[in-house]
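Let us take a walk through a protein model together. Have a look at the picture first, and then we will go through it piece by piece.

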Amino acid sequence: MAQEVRGVIAPGKDEPVRIETIVVPDPGPGEAVVRVQACGVCHTDLHYKQGGINDDFPFLLGHEAAGVVESVGEGVTDVEPGDFVILNWRAVCGKCRACLRGRPWYCFDTHNAKQKMTLTDGTELSPALGIGAFAEKTLVAAGQCTKVDPAVSPAVAGLLGCGVMAGIGAAINTGNVGRGDSVAVIGCGGVGDAAVAGSRLAGAAKIIAVDIDDRKLETARSMGATHTVNSRETDPVEAIRELTGGFGADVVIDAVGRPETYQQAFYARDLAGTVVLVGVPTPEMKLELPLLDVFGRGGSLKSSWYGDCLPSRDFPMLIDLHLQGRLDLAAFVTETIQLDEVEKAFERMHRGDVLRSVVVL
Ligand SMILES: NC(=O)c1ccc[n+]([C@@H]2O[C@H](COP(=O)([O-])OP(=O)(O)OC[C@H]3O[C@@H](n4cnc5c(N)ncnc54)[C@H](O)[C@@H]3O)[C@@H](O)[C@H]2O)c1
Ligand SMILES: [Zn+2]
Ligand SMILES: [Zn+2]
């Protein structure tokens, strides 16, 4: 029997979000229905609402979530009703050329639930990143459910489902930050601060946080930044070089994703250093760099999808480190809110007032 629950939809381009009754089908083969306990508000939800991702309105928003598996469809063996899970938006297929080469974190054929959730009049919904978790329950592919220790609070756990994992992974997976490295992070929102926290976890000796907002720099310091640079007041390339003996950082992470921040990252790294692009650019953005500098500075220029994470490997490990007091994931939760406060949370995010607002259900 399909169920009716409350959920937050974006009805059309730039229209305010609203609560609607959502019809959640019973899970089919390979699917699961999850009772959502918490879901963070991510910049990508706002992009969906603004029509910046695609035009498949109406969207069922929300994708940084944790909850309890309620029911599973035929053939599902990895999770069962009652399991506490974080939802991931890259359920690996196990069969594509990346998976077959033993690099499932790059999976080129990730999947979502096949059935559609709808409004009561039958209108099909597009769940944000194949999740749609600003809702009491949601239907996902079983592979999108990653079991973790239920001792963690759902509001904290859910954040690993997107931005915080993207940031930590940009540092520890994509950037391969290691003991003694110098790291600079440009843009210290939820993703950038997670890159700072990930760099600290990996043993970086120097972590330079760059932002245009002093409030963000203060938070970055509490997450592990050893130095801060306000790039509205100071040239960040000069500042990062000065702080690293005149050379530049081993790894520079661009958590903004604009041509100017990428250029700063490119020139603020040491010879043979690594640039990691984790911020998401928009279609009209272009980059121009002297090809000789690309060659002459050596090293690597990388992009980081979802922190190059493998949910089954990284989620339980990071939750364990959090429960042991070695990674303060709770620091990312600025406030907890109700389902009907998502629109207000978007405004606060836009003003830079929060790292994460988390809807708790
Ligand atoms: N690669 C992925 O898989 C992935 C996953 C989630 C989010 N993201 C992307 O990461 C980016 C950051 O997300 P967020 O949730 O942290 O956003 P956010 O809005 O919370 O943070 C952005 C930060 O960048 C700062 N900033 C803006 N312009 C700047 C500039 N020119 N120089 C320095 N700092 C600047 C802001 O002050 C803010 O602190 C977004 O583009 C988001 O879409 C990527
Ligand atoms: Zn695959
Ligand atoms: Zn997100």
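Before we start, one definition: the domain bounds used here come from an automatic or database domain assignment. Keep in mind, too, that this is a predicted model.

With that in hand, where does ligand 1 lie? Domain 1 (3–161 + 328–360) and domain 2 (167–305) both contribute residues to the shell around ligand 1, so the ligand lies between them. There are 31 residues around ligand 1, and the ones that come nearest are Ala-166, Gly-187, Gly-189, Val-191 and Val-280. By character, the shell divides into 14 nonpolar, 13 polar and 4 charged residues. Helix 1 (43–49), helix 4 (163–174), helix 5 (190–201) and strand 12 each supply at least two residues of this shell. Helix 5 gives the most, with 3 residues.

Strand 12 also leads us to a sheet. Here 6 strands form an open sheet with parallel pairing, in the order 13-12-11-14-15-16. At its edges are strand 13 (227–230) and strand 16 (300–303), each of which pairs on one side only. From one strand to the next, the twist averages 15°.

Now zoom in on one pair within the sheet. Strand 11 (residues 182–186) and strand 14 (residues 249–254) pair in the parallel sense over 4 bridges, and Val-183 stands opposite Val-251 in strand 14.

Finally, look for helices on the sheet. Helix 6 (residues 214–223) packs on it, touching strand 12 (206–211) and strand 13, and its direction makes about 160° with that of strand 12. Helix 8 (residues 259–267) lies across strand 11, strand 14 and strand 15 (269–277), running at about 150° to strand 15.

Notes. Residues numbered from 1 in each chain as written. Chains lettered and ligands numbered in written order. Predicted model: local features only at pLDDT ≥ 70, side-chain atom pairs only at ≥ 80, totals over all residues. Pairing = 2+ DSSP bridges. Axes fitted to C-alpha atoms, helices over the stretch in contact; angles between N-to-C directions. Contact = placed C-beta atoms within 7 Å. Near = placed C-beta within 6 Å. Nonpolar A, V, L, I, M, F, W, Y, C, P; charged D, E, K, R; others polar.
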